[in-house]
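Here is a set of questions and answers for a reader new to this structure. Each answer sets a value against the rule that applies to it.

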Amino acid sequence: MTDLSTNIGRLRLDNPVLTASGTFGYAEEFADFYDLNRLGGVVTKTVTLEPRPGNKPPRICETPAGMINSIGLPNAGVEQFIAQKWPFLQQLKTAVIVNVAGKTPDDFVRAVEKLEVLQGIAAYELNYSCPNVKEGGLSFSSNARIAEQVTALVRAVTQRPLITKLTPNVTSISEIGRACEGAGADAVSAINTLVGMAIDIHTRKPRIASITGGLSGPAIRPVALAKVYELVKALTIPVIGIGGIMTAEDALEFILAGAAAVQIGTANFMNPVAALQVVEGLQRHCEEENILRLMELRGAVQVG
Ligand code: SIN
């Protein structure tokens, strides 16, 4: 049997396939489809200190080979997360990574402090990169100094692994990644969505209410792969690849580019078993190619 395991800093995963925040609810929504413990881990929908209603509809629209969303991080707040969502999540044997966002640096710190009482959180993913909120959002990962400050503040209140989720909507993603690494992040995940727009030519209105939103899906995969490759070269901490991964073959491209793990996002909306199929496809690929450890392929892209 091939060894699919991987390490994200101190966090060991049975396989490198995670679900991306905001595309898999709080995991319970997908529990009827398959045994979630077959995944490397799940990343929860974003949790914030206070409840958020999210943005006005329409909040999503389809685009060629992708979709645009402007959901606005709706959630019931950290206290309701603990009361309502954690009881299911804590029973999972797979890694549960809690995605956290905030309007201010202090919001991140206070939300993480509240989560610290829970036993069994594998890591926090700090969402520095939502393009759809007025306060916070992209400001945390489009400025290296702020990304460094927030990471350091959260680092001071938890021993758990910290993953910082980065935006591609910047001049230099590696500059932001290096700032997070310097402030104590254990890994970065990239990319969040690209800012995009679509217009209904009949109504002449933007197809989502907030005018622009975040583009995801296969349309962004080559951009994501290039950003992951850039980060892998610039950082010493692991990089988790995200961006239009639909199949095991797509995931293998990210691993060859140097990703230590991948997240499956938009694919979950089209096919609720997509993430499991990626795990199975990686297993099959290794068996067919006589690869004993999947991570032998990490960074094995042949360049030059
Ligand atoms: C949203 O809730 O608007 C999307 C989340 C994100 O892009 O981080």
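**The ligand and the cysteines**

Q: What makes the pair formed by Asn 132 and the ligand a polar contact?
A: A polar side-chain atom of Asn 132 is 2.7 Å from an oxygen atom of the ligand. A polar contact is a pair of N or O atoms within 3.5 Å (within protein, one must be able to donate a hydrogen and the other to accept it, and residues adjacent in sequence count only if both atoms are side-chain atoms), so this pair counts. The model is predicted: local features need pLDDT of at least 70, side-chain atom pairs count only at pLDDT 80 or more, and totals for chains, interfaces and linings use all residues. Residues are numbered from 1 along each chain as its sequence is written, and side-chain values use heavy atoms, with hydrogens and water left out.

Q: How do you know that Asn 192 has a polar contact with the ligand?
A: An N or O atom in the side chain of Asn 192 lies 3.1 Å from an oxygen atom of the ligand, and the pair is therefore within the limit.

Q: Why is Cys 130 called buried?
A: Its relative accessible area is 6%. Buried means under 20%, exposed over 50%, and partly exposed in between (1.4 Å probe, protein chains only), so Cys 130 is buried.

Q: How do you know that Cys 130 is in no disulfide?
A: A disulfide is a pair of cysteine sulfur atoms within 2.5 Å. The nearest cysteine sulfur, that of Cys 61, is 15 Å away from Cys 130. A search of the whole structure finds zero disulfides.
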